[in-house]
Amino acid sequence: MAAGEEKEQGHRAGVYKQKNKGHKHGKHRTKGDIERENKGRVSVTVLTKKQRREQRRMDRRHKANQIRRNKKDMVLTEKRRLGSKDGPPHLVAVVALHARVDAAAVTKLLRAEGAGGVVRHEQCVSGVEDSFGLILPRFKQRFIFLRPNTADLHSLLDVAKISDSLIFLLDSTEGWDAYGDYCLSCLFAQGLPSYAVVCQGVSDLALKKKVDSRRALSKIIEVRFPGSRLFALDAEPDATLLLRHLGSQRQRKLGFRSRRSHLVAQRVSFSPSSSEGGGSGGSGLGTLYVSGYVRGCPLQVNRLVHISGHGDFQLSQIDAPSDPLPLNVTAPRAVKPGKGGDMDVMEGADQEAPVRVLMKADAAQRESLQAEAEVDPMDGEQTWPTDMELLEAEESRKNRRLMKVPKGTSDYQATWIADDGDENEDEESCDEDDDDEDDDDDGMMDEAMDGDDEDIASQDPGSGWVSEEEEEEEEEKDEVYATERAGEDQRYDENMDEAEEGEGLKRYREARANVLFPDEVDTPLDRTAKTRFQRYRGLKSFRSSPWDPMENLPLDYSRIFQFQNFERTRRRMLAEAAKEEDGAMVGWYVTLHVADVPASVMEGVQAGRPLVLVSLLPHEQKMSVMHLLVRRHPSNTEPIKSKEELIFHCGFRRFRASPLFSQHTSADKHKLERFLRPDAPMVVSVYAPITFPTAGVLLFKQRDDGMQDLVATGSLLSCDPQRVALKRIVLSGHPFKINRRSAVVRYMFFNREDILWFKPVELRTKWGRRGHIKEALGTHGHMKCVFDSQLRSQDTVMMNLYKRVYPRWTYDPYVPLPLPWVKREVEEMDDSDME
């Protein structure tokens, strides 16, 4: 019995028995089952999280919709306001891109009665003969059309900066010529507003030729104007269609003009100051009265204004005369004034209406014209030291070991010079300017590229026997040909400038040497290298080695202004300008009283150049170090050297300066480039008035004959006087005896003192080896160097030395007018035809 009971009990599993996961039979609860079991009961935490999440989602969606709606309403408001009674008239410039295009015929069609417009004001823009105001009762819009002189590139660029739309006139066969393409490059670089592409003469062709011509023109304009529509303008209905398109097309927003109030002068008069005795001499100052429509943003009377090509000035008063171009559809066509009047005057009530004074400048709040900081020659002087400071100086003098360094070396520079004790001897001081050193460094490379040109005389041996008569005829022909050839050579030589040819050859050789041997210079034989290169220092790492940006600054830096944070100041200035609602509002017709203006401004207007006036933001009249990011234009093939005088178009400003070229990197030090490179963007540093980005930049180089060639295009980068640009020179040597880890190098230095002076500087080779100078061998410049691996016999040992460079202060706001390019080309062609 006992045995049976033990058999029935069997084995019982312990607490450590393995328990496998149960099979998922698919009978899990759904969301509906869970809701039915909960019977509507929801946890408080779940409910609040869900509501908060849904609320945040809806808020973001509503906010995005509101922002989108506000932007759309703003664009529609600006679009509807332009050309209406509440906004300024739509300013349109007619630009001819080909010499065979008749721009006067286009303006004649636009002002015709069949186009649906009413001309209210002839010569609407001061200085431009072919300009008129046009009112379209059908569209309830008003326009101002002007045809600038395309031969005057400065005037064309000034008009394009403030125009709302441009009409590009193309030839029916070629589209645009070489000068037209040149103008398009400049316009695209500085910022292109809305435009319309128009051609003439297509409607007069046969149907087959008309289709082929339009197809060919479409392929041509696709390069410059992708996706644009081509308008034919041969009749008055075509003009109506073009006017409708100009009034309803989308306007391109240009940042540099939308953030600043500007206007184009429609009426200009000049009143000399009483101190000048009432005269109107070229050097006398006076008050300039400029009338026009305010554009961009409200105009403040206490702000400075800039007149393109003439400088910065102050406003004394703003008046509100009657609008010369009211949107009145019942008004009759105005009668053209006589030829004797310079400015147009509206007849009737407009002339008799009193002028209302809007605002006058406040002397306490008006911005100053001060462009440079006041230089205090005693700014660097110190007061008499205290007794404690004298004791500390005496103790430091006793504990400090004196070390001889070159003249002009700072304490920071002296830390890079090794203390060799008695080996350092007295050295001669070198008082050379940086400009002379630059010329010497560049001139040392000329010898590497100089070569003797050999003339190979070509001989034409005769074949076969000829008679005496044939020989005489051949000799006479040769004499005639030689005489004609000599005359052609003489005429060709008369038109050649030998000095310019020699300068171009020298510049070409320097650029070629800089490409083959970048930054390499020769050690002078007549003086020691440590005297010649005393302003240079070595860097262990160009990227990570420190360089104090406030060390040994030139005297010109005491004349400039600097921001603690330029980007923060820029955002604040632009935000404040966008919120301003005081002053002369956009669309008002005002008269500005510009004080202390030279009489040369009025002479430019009388010469037929339009007057463009723009209001400056705070601090934009002050001088600083401006940096521009540019890329070399493909049409420029001549080498452009650093510190060479160029002409700048930066936003609304034009000036001449001598810039520096440096690499565009994200490091705290930037390598100087001796020439403007064609394959990479470059940073151009120059002393110039402060301008807040964004703004287009154009760089021109003026020839000796008055022509101006487009060199580079780009945009404004920043304002940073502490941006460090380092000039590098490379001293090269040749390995004379090569061992496993060491080598004897020669031709880098020529005396023992220079080797000991530059001993702390690291060496490198063209094949990537690194090393240092171990000791000097003899007294003729041989030195023993140790490298990280064995050298090759064809390798070159190099030493990199650096110094900081600064641009030259050659800022000149006066830019001479360029020679008309088209006129010059025609004159040369006529001379060749006469020959």
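## Surface: Tyr 747 and its patch

A residue is called buried under 20% relative accessible area, exposed over 50%, and partly exposed in between. Tyr 747 has a relative accessibility of 47%, so this residue counts as partly exposed. The model described here is a predicted one.

Tyr 747 sits in the loop that runs between β26 (742-746) and α20 (752-757). Together with Leu 525 and Phe 750, Tyr 747 makes a nonpolar surface patch of about 340 Å².

## Overall make-up

The protein chain contains 21 helices and 31 strands. Of its 835 residues, 43% are buried. The accessible surface of the chain is about 48200 Å², and carbon and sulfur atoms account for 48% of that area.

Contacts across the sequence can be put as a percentage. Taking the contacts between residues at least 6 apart in sequence, 78% join residues at least 24 apart.

## Nonpolar cores

In soluble globular proteins, nonpolar side chains tend to be buried together. In this model the largest nonpolar core has 79 residues, and Leu 153, Phe 168, Leu 699 and Phe 700 have the most contacts inside it. A second core, separate from that one, has 25 residues, among them Val 290, Leu 299, Val 301 and Ile 307.

Phe 168 shows what such a position looks like in detail. Beyond its neighbours within four places in sequence, Phe 168 is in contact with Val 95 and Leu 97, with Leu 184, Leu 187 and Leu 192, with the run Tyr 195, Ala 196, Val 197 and Val 198, and with Phe 225.

## Helix α5

Leu 153, one of the residues with the most contacts in the largest core, is also part of helix α5, which covers residues 153-162. This helix is mostly covered, with ten of its ten residues buried. The buried residues include charged and polar ones such as His 154, Ser 155, Asp 158 and Lys 161, as well as Leu 156, Leu 157, Val 159, Ala 160 and Ile 162.

## Cysteines

The structure has zero disulfides. Cys 124 has a relative accessible area of 1%, so this residue is buried. Cys 719 is buried too, because its relative accessible area is 6%.

## Salt bridges

Side chains of opposite charge can pair when their charged atoms come close. The count for this model is 34 salt bridges. One of them joins Arg 100 and Glu 174, with 3.5 Å from N to O. Arg 100 lies in the loop between β1 (90-96) and α4 (103-110), and Glu 174 in the loop between β5 (165-170) and α6 (178-190), so the pair ties together parts that are 74 residues apart in sequence. Arg 100 counts as exposed because its relative accessibility is 51%, while Glu 174 is partly exposed at 43%.

Asp 130 and Arg 111 form another salt bridge, at 2.8 Å from N to O. Asp 130 is in the loop between β2 (118-122) and β3 (131-136), Arg 111 is in the loop between α4 and β2, and 19 residues separate the two. Both Asp 130 and Arg 111 are buried. Glu 762 and Arg 770 also meet in a salt bridge, at 3.6 Å from N to O. Glu 762 is partly exposed at 26% relative accessibility, and Arg 770 is partly exposed at 45%. Elsewhere, salt bridges with shared partners join Asp 519, Lys 671, Glu 673, Arg 674, Arg 677, Asp 679 and Arg 728 into one network.

## Two buried loop residues

Ser 261 is placed in the loop between α9 (255-258) and β8 (262-264). Its relative accessibility is 2%, so Ser 261 counts as buried. Apart from neighbours within four places in sequence, Ser 261 is in contact with Val 294, Arg 295, Cys 297, Pro 298 and Leu 299, and also with Leu 613, Val 614 and Ser 615. Leu 299 is one of the residues in the second nonpolar core.

Arg 723 belongs to the loop between β24 (708-719) and β25 (724-738). With a relative accessibility of 13%, Arg 723 counts as buried. Its contacts, again leaving aside neighbours within four places, are His 627, Ser 662, Gln 663, His 670, Val 683, Ser 685 and Arg 804. The C-alpha atoms of Arg 723 and Pro 549 are 7.3 Å apart, although 174 residues separate the two along the chain.

Conventions. Residues are numbered from 1 along each chain as its sequence is written. This is a predicted model: local features need pLDDT of at least 70, side-chain atom pairs count only at pLDDT 80 or more; totals for chains, interfaces and linings use all residues. Side-chain values use heavy atoms; hydrogens and water are left out. Patches are made of residues with over 30% relative accessible area and no salt bridge: like charges are joined within 9 Å, nonpolar side chains (Val, Leu, Ile, Met, Phe, Trp, Tyr) within 5 Å. Accessible areas come from the Shrake-Rupley method with a 1.4 Å probe; for residues, only the protein chains shown count as cover. A salt bridge is a side-chain nitrogen of Lys or Arg within 4 Å of a carboxyl oxygen of Asp or Glu. Helices (H or I, at least four residues) and strands (E, at least two) are DSSP runs, numbered from the N terminus. Buried means under 20% relative accessible area, exposed over 50%, partly exposed in between (1.4 Å probe, protein chains only). A nonpolar core is a set of buried Ala, Val, Leu, Ile, Met, Phe, Trp, Tyr and Cys residues joined through side-chain atoms within 4.5 Å. Contact means heavy atoms within 4.5 Å. A disulfide is a pair of cysteine sulfur atoms within 2.5 Å.
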